[in-house]
Structure formats: C-alpha cells, structure tokens
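Okay everyone, thanks for coming. I'd like to walk you through a structure that's probably new to most of you, so let's get it up on the screen.

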Amino acid sequence: MSSYHVPRRQFLAGLGAAGSGLVTPLVARAKERQAASAAPLLPPLEFELHITRRTMHIAGQQGVGYCVNGHMPGPLLRWQEGREVVIHVYNHMDEPTALHWHGVRLPSAQDGVPGLSFAGIPPRGRYTYRFPVQQSGTYWYHSHMGHQESAGLYGALIIEPAGASLLPKAERDYTILLSDWSDVSAAQIVANLKMQDDYYNFRQRSIASLPQESRAAGGLGAALKSRLQWSHMRMSATDISDVSGVLYRYLMNGKPAQEGWSGLFTPGERICLRVINAAAMTLFDVRIPGLTMQLVEADGNPVVPVNLDEFRIGPGETYAVLLTPQEGKPYTIFAQSEDRTGYARGTLTPHEGLLGSLPAMDPRPVRGMVDMGMAMPMKNGAAKMAMPPTIARAPADEIDDPGPPPVNVENQNVAAHPIERVTSPGDGLEGLGRRVLAYSDLIALRPPPDQRPPSREIILHLTGNMERYIWGFNGRKYSESGPIHLAYGERVRFTIINDTMMEHPLHLHGLWSELETGADDQHRPLKHTVISQPGSRMSVLVTADIRGVWAYHCHLMYHMQTGMFREVVVS
C-alpha cells in the first residue's frame, strides 16, 4: 500500500473547523482501555479508497454508477475497536465527493459532511480521515455529496470488539447490503416528483379493488366513505413509497433479483447475517421462509436476543441476526419493498447453484386514519384537519417547542391525534401470522452509559407537502431554519411528531439516540437511525457528549435534499 501523509498542521486545522479539543480526549480513552488490558498500543489501521464513476449495466438497464476501488458497492471495511484508523481517500472524478462513516462516533471534523464537517474532497483531490475507533458492531459508509449515494457510493463496515464479543459465536458471517438503483438520474426523479407527487405510484385504488376494500372496511358504504375522505384531503391511501419498483431495481450486495446473491453453509452451522439498508428511498421487509431468525444487534449495539420471522429495516439502519439451518437445502433471503412493487433476493445454500423458491409477495399496504394522525374517532365519522392559526415566522434557530406548525405551502397536514407506535411493526406487517419485530422488542444487552433524566425536551414536527414535494421540520425547510443548539454534556429528550403519512428514518450524526420504548428504562436501545411511523409520536434521549456540528436528517435521500435536514451544534 502506498503511503499518503497529511501534514500535522493541516490535519489540526481541519479539526479546528468544528471546535478544539475533540481528538485528544477520544484518543486518550482508547489508550486508557488498551493500557487497562495490558495490551501494547497497536499501530493504526490504514486503508486506501479510490472513488471513480463509470457506466453500469444492471438488470438490463444502463446508468451512472459510483465505485470504490473499482466496485459497486464498495469493499467491506473491517476495523478494530480501540485502534486508530487512517483512511486515504482519492477522488479520481471531475466532481467533488465525501465519505460519511454512518453511526460511527468520532470527532465532528471527521464525519464527512460537506459544509458541516469539512469542505469535501475536490475533483482529482485526496483527503485523509484519521480517528480512534470507540465501538464495535455493524455499520456502513456512504457519500454525503449530492446524489452519489443513490447511485452506488456506499459500502459495509464491520468493527470487531476489543475484547470478548457479546454476540454468540457464528461459524459463518455474511453481510447483506440492500439498496435500490435506477438508470434515471436522481435529479430527474426529484423533478418528476415535484411535477406530480404520485408519478411513480402505479397502484392506485380502482373499481377492481373496491370489493376487497369493502371486506376489509366492513361494508361498501365504509369503503366508499374512506375513499371520499382521502379524496377530500387530496391524498392517496396507496402512496407508500415515493419511488417504486416501476423505476427501481432492488439489489442485494449489488446483485439484482434475477441474479441474486448466494452464501454457502453446512447444515447445523450457526450463521450471522449483518443486514444493512443502503437504499436511497426504500424500506425493506426481510424474512427467510423456513428459518427462525434471532436478532442480536441493532445499529451496532447488542440487544437481548429476539426470535422472529421478519423485520422491517429503514434506510440507514443495520441489524445482525443469527440462524441455524438444519436441512441441506437452499433458503431464500427475501427482502420485499414496503410498497410491494419489487424485491431483492439472496440464497443460503449448501451447494453452489442451488436457488431457493420465492415466496409470494404480501398484499400492498393501504394507509388509514392512524397514518394521518387521526386515530381517535371524530364526530359523525368525519376526519377533520387540525388548522392552527397562522403564526409569525419563527426565529432563525430552532426552539424547544415551536407549537403545531401552520398548514401552508410547506405543510399539508397536522396530526390531530398522533399516537405511540413503537409496539407496531409497521404498515402492512400486522395480522400476517408471522412474528415481526417492533421497536418495543429491542432491549439493550448493556445499560446505556448515561442514566440521567433529560433536562429539557425538544419537539420536532415532521412536515411536508407531497403535492409540491417539500419536506421539513416544524413546517420549514433547511434553508429557512438555523441550527438546534445543545450544550456540551447536557441530556435532552427529542420528541418526534410525524404529521405526514409516510415513514421517516431519522439519522442523528455523531450522537446516540436512546429510544424510549416503555419496555425497560434502564436498558433502552441505542440507535443511530430511528423510523418514525406515519401519524406517530415517539421520543429519544440524547447525550451531547461530543462537541461540534452534526447533521440530523431523514435518511430518505429526496426528503433530506428537499428540506428535512437540520444542523445540531454542540458547544
């Protein structure tokens, strides 16, 4: 490996952009752990990553793809807790780029977000990331520049623990990287959505679907009434995913469903599958017919094992599951999109070339009044929009409790009765006769390090206007709002109220989100990405323990890029 050295002065200058004194405490803690175990200080782990752009041919489509070291997805990176990593990134393209280490706790200046962490990696330029590794588990990396992530600039990241692993030992360890890909450019996709919000929704309700709806609703009158309510609100109950399988090819480890990915096993072996959702816009529901999965890790953190048949994974989330096939036959890893317009598939097989059978797709979900935040009955059965009075323009920075956002050009709805939905697996997953993961099932295997109660509450409404395809927090786009300010060391509660009829996987950079599920206050799960369900209210606790400027955004790419993004400043 060739060596590229960043001068110490240049490196420290980069750190200074996000606040002084960030690296030294982190390095010190890593060295203290090593000293405590009487282990010698190991040299840094060094990597070279070369980023290029080229034409890709996937499932009969031709489009632009981004590669790391010549591959899409990029190579699997393996790090070790307690060691420093040095990553030399070379940009061989005529456009800038950047890499973000998703879920990794590090100095703010090394987070890889252009405009917040650093200026980005210029065309034909290079940059060296350098930071100590403080954690273990399953993570990933991806571009945070433009639309590069949606076109393949991502890869898996596995961090080995410094000591004994809290996860049971497995004979085989496979990474399952899920994604979506299209030959249509991201810019064109957004333009189409702004022109017509249901541009890619080809599965609208019709006369043909009315009998099935009548049975589900309890009669023809109830079904027609539901349709009239949705029509009055100018919204579609079948608008599940903004971009569907009409356009997307769903990939598993870079391979389309027609080709599939395969992993070998011997009957009786324990297999660990590390599942990562690297999709731009797709939530996947993952199951392996004929096998029980034992979920043991969520977003890199060990949890009390949960036996299940299926789990939903949003863009940005990671899970690790264990399974033990006893029969010498192929098993299909089936990851269907939430809107049931397509799937990614793989096979666990005892012999090369054997493919498992494909299960039938589940029925398409249909949104209900709960998704609109109207769970409570209304007089005469009529659903009414909450219409708060118009308020004066909010100050530049976000405030703790801005109150209900106004219904205006940037906000289509206010949830009148948002409810807790952490016990629900999500739309389309209830009543199927399978054991499906809900967030309330997640119990941390070790208590979170900070057990203090929060000193204040920050309320964020997730808002949007599908007709104009605008998304934001508290009725404002990113361009219209300043940062969320946190004091270094403080403990806060973020309460998320989803006023939209869509899921939003929310990712907070640099800091853990401690999910309040009501199950066990001493063992709340730590997550870096949390799905907020439609019409719901949920909360996470955050300890502001690393200074700097952090991104907080929806991980549906086109929601983030059209306004659902904020800066979080810890100072």
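**A patch, two sheets and a tyrosine**

Let's start on the surface, where Leu-166, Val-304 and Leu-445 make up a nonpolar patch, with a combined accessible area of about 220 Å². Before I go on, keep in mind that this is a predicted model.

Take one member of that patch, Leu-445. Where does Leu-445 sit? You'll find Leu-445 in the loop that runs between strand 20, residues 343–349, and strand 21, residues 456–465. Its relative accessible area is 37%, so Leu-445 counts as partly exposed, which is the label for anything between 20% and 50%.

Strand 20 takes us to a sheet. This one is open, has 5 strands in the order 12-20-19-14-17, and its pairing is mixed. Which strands stand at the edges? Those are strand 12 (261–264) and strand 17 (310–313), and because each has a single partner strand, one side of each is left without a neighbour in the sheet. On average, neighbouring strands here are turned by 20° against each other, if you ignore direction.

Now look at strand 12 next to strand 20: these two pair in the parallel sense, over 4 bridges. If you want a residue to click on, try Leu-264, whose bridge partner in strand 20 is Thr-349.

On to the other sheet. Here we have 7 strands in an open sheet, ordered 11-10-9-13-18-15-16, again with mixed pairing. Its edge strands are strand 11 (255–256) and strand 16 (301–308), and each of them pairs on one side only. Strand 16 has strand 15, residues 293–298, as a partner, and the two pair in the antiparallel sense over 5 bridges. Within that pairing, Met-293 stands opposite Leu-308 in strand 16.

Last stop: Tyr-200. This residue is in the loop between helix 3 (186–195) and helix 4 (210–217). Is Tyr-200 buried or exposed? Buried: the relative accessibility of Tyr-200 is 4%, and the cut-off for buried is under 20%.

So what is Tyr-200 in contact with, leaving aside its neighbours within four places in sequence? The list includes Ile-189, Asn-192 and Leu-193, and it also has Asp-242, Val-243, Ser-244, Val-246 and Leu-247. Close to that second group in numbering is Ser-241: Tyr-200 and Ser-241 are 41 residues apart along the chain, with their C-alpha atoms separated by 8.5 Å.

That's my tour. Over to you.

How values were computed. Residues are numbered from 1 along each chain as its sequence is written. This is a predicted model: local features need pLDDT of at least 70, side-chain atom pairs count only at pLDDT 80 or more; totals for chains, interfaces and linings use all residues. Side-chain values use heavy atoms; hydrogens and water are left out. Buried means under 20% relative accessible area, exposed over 50%, partly exposed in between (1.4 Å probe, protein chains only). Contact means heavy atoms within 4.5 Å. Two strands pair if DSSP finds at least two bridges between them. Patches are made of residues with over 30% relative accessible area and no salt bridge: like charges are joined within 9 Å, nonpolar side chains (Val, Leu, Ile, Met, Phe, Trp, Tyr) within 5 Å. Accessible areas come from the Shrake-Rupley method with a 1.4 Å probe; for residues, only the protein chains shown count as cover. A salt bridge is a side-chain nitrogen of Lys or Arg within 4 Å of a carboxyl oxygen of Asp or Glu. Axes are lines fitted to C-alpha atoms, for helices over the stretch in contact, and angles run from 0 to 180 degrees between N-to-C directions.
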